[in-house]
Amino acid sequence: MAENSEVARLRSLAQLDADAVGAYDAALARIQEPLVRERLNEFRIDHVRHVQDLNTLIHQFGGQPVELRPDLKGAAMKGLTAMTSLMGTEAALVAMLGNEEYTNRSYDLALRFDWRPEVRTLIEKHREDERRHVMWVREAVRTRPWERERAAAHEGSEVQA
């Protein structure tokens, strides 16, 4: 039945976002830089909202909503992110970049399906969030903005001394 396959695809996207929340939790537990923490927390909140939005549709279409916890794949993603994050902020961001690239590819693939207009609109909105996430993480890995923030704070403390 078409509705069942639609629900299954929506559940898959919702689980992907639930898995991303777990990865963000792992990274946030180890990153100390305020600038990076703030941005990653914003992205985590986006993923929570994605799960909620998708669950609303899943419920409307008669499916079982996804719980906000990682499945087996998500647990592996969270564990890898946690281990990588032990090596510092840049390593944590590289792990998150891989996670976000995977999420972006999944949303790209989802948009190849024939969806009801309101579902397509929501998926496109989520896809734009994912693009914003991956662009910021990619740029942060490249430019290391937390180092500039640290240097500015250090210079400020020398001026006061």
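# Close-up views of a six-helix chain

**Figure 1. His47 and His133 meet through their side chains.** A polar contact of 3.4 Å joins the side chains of His47 and His133. The model shown here, as in every view below, is predicted. His47 sits in helix H2, which covers residues 34-60. A second polar contact links the side chain of His47 to the side chain of Asp17, at 2.6 Å. Is His47 buried or exposed? His47 has 0% relative accessibility, so it counts as buried. Look next at what surrounds this residue. Setting aside residues up to four places away in sequence, His47 touches Asp17, Ala20, Val21 and Tyr24. His47 also touches Glu100, Thr103, Glu130 and His133.

**Figure 2. Tyr24 is a buried residue of helix H1.** Tyr24 has its place in H1, a helix that runs over residues 2-28. The relative accessible area of Tyr24 is 0%, so Tyr24 is buried. Which residues does Tyr24 touch, beyond those up to four places away in sequence? They are Leu40, Phe43, Arg44, His47, Met96, Glu100 and His133. The partner His47 belongs to H2. Now compare a residue further along the chain. Gly62 lies 38 residues from Tyr24 in sequence, and their C-alpha atoms are separated by 30 Å.

**Figure 3. Gln15 is another residue of helix H1.** Gln15 is found in H1 (residues 2-28). Its relative accessible area is 16%. Buried means under 20%, so Gln15, at 16%, is buried. Leave aside the neighbours within four places in sequence. Gln15 is then in contact with Val66, Arg69, Pro70 and Asp71. The last of these, Asp71, returns in the next view as the cap of a helix.

**Figure 4. Asp71 caps the N-terminal end of helix H3.** A side-chain oxygen of Asp71 lies 3.1 Å from the backbone nitrogen of Lys73. Asp71 is also in contact with Gln15. H3 itself covers residues 72-85. How far apart are the end C-alpha atoms of H3? They are 20 Å apart. That agrees with the expected span, because 14 residues at 1.5 Å a residue should span 20 Å. Which residues of H3 are buried? They are Gly74, Met77, Thr81, Ala82, Thr84 and Ser85.

**Figure 5. Asp129 is a buried acidic residue in helix H5.** Asp is counted as a negative charge, and Asp129 is found in H5 (residues 117-143). Its relative accessibility is 10%, so Asp129 counts as buried. The side chain of Asp129 makes a polar contact of 3.0 Å with the side chain of Arg132. Other partners lie further off in sequence. Leaving aside neighbours within four places, Asp129 is in contact with Asp46, Arg49 and His50. Asn104 is 25 residues from Asp129 along the chain, and the C-alpha atoms of the two are separated by 9.3 Å.

**Figure 6. Helix H5 is followed by Arg144.** Start with the helix. H5 has 27 residues, which should span 39 Å at 1.5 Å a residue. Its end C-alpha atoms are 39 Å apart, so the expected and modelled spans agree. Where is Arg144 found? Arg144 is in the loop between H5 and helix H6 (145-160). Its phi is positive, at about 50°, although Arg144 is not a glycine. Is Arg144 buried or partly exposed? The relative accessible area of Arg144 is 23%, so this residue is partly exposed.

**Figure 7. The whole chain puts the close-ups in context.** The chain has six helices and zero strands. Read along the sequence, the pattern is α-α-α-α-α-α. The C-alpha atoms fill a box of roughly 70 × 30 × 20 Å along the principal axes. Of the 161 residues, 44% are buried. The accessible surface comes to about 8,800 Å², and carbon and sulfur atoms account for 55% of that surface. Take the contacts between residues at least 6 apart in sequence: 77% of them join residues at least 24 apart. Charges complete the picture. The chain has 23 positive and 27 negative charges, and their mean positions are 3 Å apart.

Conventions
Residues are numbered from 1 along each chain as its sequence is written. This is a predicted model: local features need pLDDT of at least 70, side-chain atom pairs count only at pLDDT 80 or more; totals for chains, interfaces and linings use all residues. Side-chain values use heavy atoms; hydrogens and water are left out. Helices (H or I, at least four residues) and strands (E, at least two) are DSSP runs, numbered from the N terminus. The expected span of a helix is 1.5 Å times one less than its number of residues. Buried means under 20% relative accessible area, exposed over 50%, partly exposed in between (1.4 Å probe, protein chains only). A polar contact is a pair of N or O atoms within 3.5 Å; within protein, one must be able to donate a hydrogen and the other to accept it, and residues adjacent in sequence count only if both atoms are side-chain atoms. Contact means heavy atoms within 4.5 Å. Accessible areas come from the Shrake-Rupley method with a 1.4 Å probe; for residues, only the protein chains shown count as cover. The place of a charge is taken as NZ of Lys, CZ of Arg, CG of Asp or CD of Glu.
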